[in-house]
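Here's a quick walk through one chain, from a surface detail out to the overall picture. Have a look at the model, then read on.

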Amino acid sequence: MMKCFSCKSGGMEESVTTYTTVLKNCVLIIKNVPCVECKQCGEVLFNTEVLEKIDEIILMAEKMASEVSIIDYSKVA
């Protein structure tokens with residue numbers, strides 16, 4: 001099992017999380033994003049494929065006029 005880079009003692013396990021970011025024209029919330037998460041401190045890491053998909057979702061959301069966008073990762077990935 002991979003050890004946490006942040007706390008150095010917790011074990012990292014596959015999980016899902018909610019990714020939130022503030023864009024120029026809205027707050028973007030992406031639910032159900034696959035990750036590995038430290039069960040001790042809560043540190044979250046994403047693999048390269050997930051980060052690329054998050055970037056695509058951000059570009060899509062920036063084109064929307066809404067102030068708050070909530071997108072389910074599992075439905076757009």
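Does Val68 count as buried, partly exposed or exposed, and at what relative accessibility?

## Val68 and its patch

Keep in mind that this is a predicted model. Val68 comes out at 48% relative accessibility, so it counts as partly exposed; the exposed class would need over 50%. As for where it sits, Val68 belongs to strand β4, which covers residues 68–72.

Val68 also has company at the surface. Together with Val22, Val27 and Ile70, Val68 makes a nonpolar surface patch of about 360 Å². Val22 falls in β1, which runs over 12–22, and Val27 is in strand β2, residues 27–38. Ile70 sits in strand β4, residues 68–72.

## How the chain is laid out

Stepping back, the chain has two helices and four strands. Go along the sequence and you'll read β-β-β-α-β-α.

For dimensions, the C-alpha trace spans about 45 × 20 × 15 Å along its principal axes. Take the contacts between residues at least 6 apart in sequence: 53% of them join residues that are at least 24 apart.

## Inside, outside and charge

Of the 77 residues in the chain, 30% are buried. The chain exposes about 5,100 Å², and 52% of that is supplied by carbon and sulfur atoms.

Now for the charges. The chain carries 8 positive and 11 negative ones, and the mean positions of the two sets are 2 Å apart.

## Two positive phi angles

Which residues have a positive phi although they are not glycine? Lys8 is one of them, with a phi of about 70°. You'll find Lys8 in the segment before β1. With a relative accessible area of 61%, Lys8 is exposed, because that value lies over the 50% cut-off.

Asn32 is another case: its phi is near 60°, again positive in a residue other than glycine. Asn32 is placed within a strand, namely β2. Its relative accessible area is 34%, so Asn32 is partly exposed.

## Back to the patch

To tie this up, strand β2 (residues 27–38) is where Asn32 is found, and Val27, a member of the nonpolar patch, is in that strand too. Val68, from strand β4, is another patch member, and its 48% relative accessibility puts it among the partly exposed residues.

Conventions:
Residues are numbered from 1 along each chain as its sequence is written. This is a predicted model: local features need pLDDT of at least 70, side-chain atom pairs count only at pLDDT 80 or more; totals for chains, interfaces and linings use all residues. Side-chain values use heavy atoms; hydrogens and water are left out. Patches are made of residues with over 30% relative accessible area and no salt bridge: like charges are joined within 9 Å, nonpolar side chains (Val, Leu, Ile, Met, Phe, Trp, Tyr) within 5 Å. Accessible areas come from the Shrake-Rupley method with a 1.4 Å probe; for residues, only the protein chains shown count as cover. A salt bridge is a side-chain nitrogen of Lys or Arg within 4 Å of a carboxyl oxygen of Asp or Glu. Buried means under 20% relative accessible area, exposed over 50%, partly exposed in between (1.4 Å probe, protein chains only). Contact means heavy atoms within 4.5 Å. Lys and Arg count as positive and Asp and Glu as negative; His and the chain ends are not counted. The place of a charge is taken as NZ of Lys, CZ of Arg, CG of Asp or CD of Glu.
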